[in-house]
Amino acid sequence: AEGMRKGVLVDERDGAPNFAIRRFTLDPGAEVPRHTNEVEHEQHVLEGEYVVGLDGPDGETEHVVRAGDSLFVPAGTVHWYRNEGDEPGAFLCAVPNGDDSIDLVGEDG
């Protein structure tokens with residue numbers, strides 16, 4: 001997504017057999033569209049404040065996350081990000097090594 005940057009900190013190229021750790025930065029005003037991934041995500045917010053949206057059994061929810069917050073996005077869950085602030089948001093994301101598929105989800109689901 002425009003306004004989102006990713007850096008891989010550790011993965012199988014470093015000898016990590018199971019998980020990769022990535023660092024993402026979400027610029028002010030940037031949005032990541034609704035999408036799913038084949039793999040789970042564990043995330044920890046490093047700086048800034050932004051919105052994370054998740055589809056769940058009770059419908060769609062949005063959470064404002066800040067530095068120090070952590071969250072879990074199960075595999076196959078529709079999720080999205082939006083930075084409404086004036087400062088970048090940054091987070092670490094741990095995912096299983098291997099292939100992943102990202103599928104964009106339209107507004108009508």
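## Strands and the overall fold

A strand here is a DSSP run of E at least two residues long, and strands are numbered from the N terminus. With that in hand, let's look at this predicted model. The protein chain has 10 strands and 0 helices, so if you read along the sequence you just get β-β-β-β-β-β-β-β-β-β, going by those DSSP runs.

How does the chain's radius of gyration sit against what a compact globule would have? For 109 residues the globule figure would be near 13 Å, and the protein chain comes in at 14 Å, which agrees. Along its principal axes, the C-alpha trace spans about 40 × 30 × 25 Å. As for burial, 37% of the 109 residues count as buried.

## Strand 5 and its two partners

Strand 5 covers residues 49–56, and strand 6 covers residues 59–66. A hairpin takes you from strand 5 to strand 6 through 2 residues. The two strands run antiparallel, with 8 bridges joining them. One of the pairings to look for is Asp-55, whose bridge partner in strand 6 is Glu-60.

Which other strand does strand 5 pair with? That would be strand 8 (residues 79–82), which is joined to strand 5 by 4 bridges and also runs antiparallel to strand 5. Here, Val-51 stands opposite Arg-82 of strand 8. If you're tracing side chains by eye, keep in mind that in a regular strand they alternate between the two faces of the sheet.

## The annotated stretch

The UniProt record, an unreviewed entry, places the feature "domain: Cupin type-2" at residues 23–94. In the model, that stretch is 67% strand and 0% helix. The C-alpha atoms at the two ends of residues 23–94 are 9 Å apart.

## The largest pocket

Now for the empty space. Rolling a probe the size of a water molecule over the atoms shows where it is left. The largest pocket has a volume of about 510 Å³, and 27 residues line it. Which residues lie nearest its centre? They are Lys-6, Arg-22, Phe-24, Asn-37 and Ile-102.

Several strands contribute to this lining. Strand 1 (4–10), strand 2 (19–26), strand 3 (31–37) and strand 4 (41–47) each supply at least two residues, as do strand 9 (89–96) and strand 10 (102–104). By class, the lining of the largest pocket breaks down into 15 nonpolar, 6 polar and 6 charged residues.

Key:
Residues are numbered from 1 along each chain as its sequence is written. This is a predicted model: local features need pLDDT of at least 70, side-chain atom pairs count only at pLDDT 80 or more; totals for chains, interfaces and linings use all residues. Side-chain values use heavy atoms; hydrogens and water are left out. Two strands pair if DSSP finds at least two bridges between them. UniProt positions are given in the numbering used here, feature names are shortened, and annotations may be inferred rather than shown by experiment. On a 1 Å grid over the protein atoms alone, a cavity is a set of points where a 1.4 Å probe fits but cannot get out, and a pocket is an open set with protein on both sides within 12 Å along at least five of seven lines; lining residues have an atom within 4 Å of a point. Grid points are joined across faces, edges and corners, and a volume is the space filled by probe spheres set on the points. Ala, Val, Leu, Ile, Met, Phe, Trp, Tyr, Cys and Pro count as nonpolar, Asp, Glu, Lys and Arg as charged, and the others, Gly among them, as polar. The radius of gyration is taken over C-alpha atoms; the globule rule is 2.2 Å times the number of residues to the power 0.38. Buried means under 20% relative accessible area, exposed over 50%, partly exposed in between (1.4 Å probe, protein chains only).
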